[in-house]
Structure formats: structure tokens, C-alpha cells
Amino acid sequence: MGISRDSRHKRAHTGAKRAQIRKKRKFELGRQAANTRIGTKRVHAVRVRGGNVKFRALRLDTGNFAWGSESSTRKARIVKVVYNASNNELVRTNTLVKGAIIEIDAAPFRQWYEAHYAVAIGRRSHKEEVATATEDPLTKKRSNHVQRKVDARKEASKVEPGLVEQFAAGRILARISSRPGQSGRCDGYILEGKELEFYHRRMKARK
């Protein structure tokens with residue numbers, strides 16, 4: 001028995017059993033779920049109806065994530081799945097699906113923010129950061145013209161406390177907005193504002 005997406009085998013809304021007037025058709029077929037996990041990138045191309053191609057991601061470890069309030073997008077490493085509204089089993093198995101809430105590495109966004117605004121974000125110890133970095137973006141020497149631009153930006157450099165805490169921990173919560181089993185990509189956006197509060201409440205309720 002193959003996976004079929006037809007509704008002719010279902011009972012009528014009255015409960016009556018429908019007569020079989022035809023067999024399965026190729027255009028009604030369904031395929032196995034991708035069950036995309038976290039790991040070294042592995043994507044299969046699947047030929048579909050009309051000669052088109054879908055990209056079935058079996059393993060992914062990175063994705064492009066947008067920071068909406070800052071209009072910035074960076075490629076970040078996926079750490080783990082922390083919440084899924086539909087099924088807890090998808091959290092336990094770290095399965096990547098659209099709408100899942102995941103933790104991503106904060107480093108690419110911190111580097112961009114500090115280079116753009118010349119303001120520290122989520123640093124526990126400034127001395128430790130400077131020792132490990134080759135050139136600290138906060139004390140980097142800039143021309144007068146660039147320095148004026150950076151100083152003008154600082155007025156808009158406010159970040160909500162919930163996000164600052166996540167930067168300090170080195171992990172940011174994000175939501176997957178692409179379909180890894182269809183597009184072969186795991187892209188999404190960082191959670192902010194009311195949406196971040198909502199998912200914090202949902203995660204606490206699950207625990």
C-alpha cells in the first residue's frame with residue numbers, strides 16, 4: 001500500500017461507506033516525510049509532477065535567519081529544537097519542520113551588531129572578549145567620517161531585555177519559516193516582542 005492523498009476512501013459525513021469507483025491514481029500519491037534532523041548537510045533531489053524538482057533535506061546544521069527589527073540576515077548554526085506546537089516527539093528527536101522553535105548560535109548577530117553600532121551586547125566580561133578577538137569592534141580605530149556615522153546609529157541601538165539575555169547565553173530563539181523537506185533549506189527569523197513572550201510562556205507550560 002502506497003501513501004495516497006485521495007479522499008475517496010474516506011466515509012461520507014453521514015458515516016456511509018463510499019463505493020470504490022476507481023483505483024489509486026499517480027497524481028494522488030504521497031511521499032514519506034523528510035524528518036529533517038540536525039547534522040552535516042545532506043539534501044536529496046526528488047523529481048516531482050511536471051518534471052519539477054523538490055529538495056528533500058535529510059540533515060541540516062545551518063540556515064539563514066533574519067533579525068527583523070534590525071533588518072539584518074545572517075547565516076547561523078542550528079543548535080537544537082526547543083518547541084513544536086504540533087508534537088513533542090519532534091522536539092525530542094530534533095526534527096526540523098516549518099514553525100518549529102529552535103536555538104541558533106548568537107555569534108554572527110553579535111559580531112554584526114557590535115561592528116554596526118560599536119556597542120557591546122551580551123558580553124559577560126569585556127576583558128575576556130578583547131583578549132580572544134583579534135580586533136575589538138568597540139575600540140577599533142575609525143576615520144572621522146565613519147565615526148560620525150556610527151555615533152549617529154547609537155541612538156537606535158536599543159535591544160529588548162529578553163534578547164540581551166539570550167545574547168549573553170550565546171543562544172537565540174528563532175522560528176523556522178521555510179519548509180526543509182520541500183526547499184532543502186532551514187531559514188527563519190529571530191523571535192522578538194510579543195511573539196517571544198508568547199513562546200516563552202508556551203515552553204514554560206510544557207515543562
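Trainee: What volume does the largest pocket have, and what makes such a space a pocket and not a cavity?

Mentor: In this predicted model, the largest pocket has a volume of about 520 Å³, a volume being the space filled by probe spheres set on grid points that are joined across faces, edges and corners. On a 1 Å grid over the protein atoms alone, a cavity is a set of points where a 1.4 Å probe fits but cannot get out, whereas a pocket is an open set with protein on both sides within 12 Å along at least five of seven lines. The second largest pocket has a volume of about 310 Å³. Residues are numbered from 1 along each chain as its sequence is written, and side-chain values use heavy atoms, with hydrogens and water left out. As the model is predicted, local features need pLDDT of at least 70 and side-chain atom pairs count only at pLDDT 80 or more, while totals for chains, interfaces and linings use all residues.

Trainee: Which residues lie nearest the centre of the largest pocket, and which element gives the most to its lining?

Mentor: Lining residues are those with an atom within 4 Å of a point, and the largest pocket has 26 of them, with Arg31, Gln32, Lys54, Arg56 and Gln182 nearest its centre. The elements that give two or more residues to this lining are β3 (53-60) and α6 (180-183), and α6 gives the most, with three residues. Both are DSSP runs numbered from the N terminus, helices being H or I over at least four residues and strands E over at least two.

Trainee: How do the residues that line each of the two pockets divide?

Mentor: The lining of the largest pocket holds nine nonpolar, seven polar and 10 charged residues, where Ala, Val, Leu, Ile, Met, Phe, Trp, Tyr, Cys and Pro count as nonpolar, Asp, Glu, Lys and Arg as charged, and the others, Gly among them, as polar. The second largest pocket is lined by 13 residues, with Asp6, Arg8, His9, Gln20 and Arg22 nearest its centre, and its lining divides into two nonpolar, two polar and nine charged.

Trainee: How do you know that Asp6 and Arg8 meet in a salt bridge, and is Asp6 buried or exposed?

Mentor: A salt bridge is a side-chain nitrogen of Lys or Arg within 4 Å of a carboxyl oxygen of Asp or Glu, and the N to O distance between the side chains of Asp6 and Arg8 is 3.7 Å, so the pair meets that limit. Buried means under 20% relative accessible area, exposed over 50%, and partly exposed in between, with a 1.4 Å probe and protein chains only. Asp6, at 13%, is therefore buried, whereas Arg8, at 24%, is partly exposed.

Trainee: What makes Glu103 and Arg171 a salt bridge, and which parts does the pair tie together?

Mentor: The closest N and O atoms of Glu103 and Arg171 are 3.2 Å apart, which again satisfies the limit for a salt bridge. Glu103 lies in strand β6 (residues 101-105) and Arg171 in strand β7 (residues 171-176), so the pair ties together parts that are 68 residues apart in sequence. Glu103 counts as buried at 16% relative accessibility, while Arg171 is partly exposed at 35%.

Trainee: How many salt bridges does the structure hold, and which residues are joined into one network?

Mentor: The structure holds six salt bridges. Among them is the pair of Arg185 and Asp187, whose closest N and O atoms are 2.9 Å apart. Salt bridges that share partners join Asp6, Arg8, Arg22 and Glu28 into one network.

Trainee: Why are Val43, Val53 and Phe55 called a nonpolar patch?

Mentor: Patches are made of residues with over 30% relative accessible area and no salt bridge, like charges being joined within 9 Å and nonpolar side chains (Val, Leu, Ile, Met, Phe, Trp, Tyr) within 5 Å. Val53, found in strand β3, has 46% relative accessibility and so counts as partly exposed. Together, Val43, Val53 and Phe55 have about 230 Å² of accessible area, computed by the Shrake-Rupley method with a 1.4 Å probe, where for residues only the protein chains shown count as cover.

Trainee: Why is Gln32 called exposed, and what stands out in the phi of Asn35?

Mentor: Gln32, in the segment before β1 (37-38), counts as exposed because its relative accessibility is 67%. Asn35, whose place is also in the segment before β1, has a phi near 50 degrees, a positive value in a residue other than glycine. With a relative accessible area of 40%, Asn35 is partly exposed.
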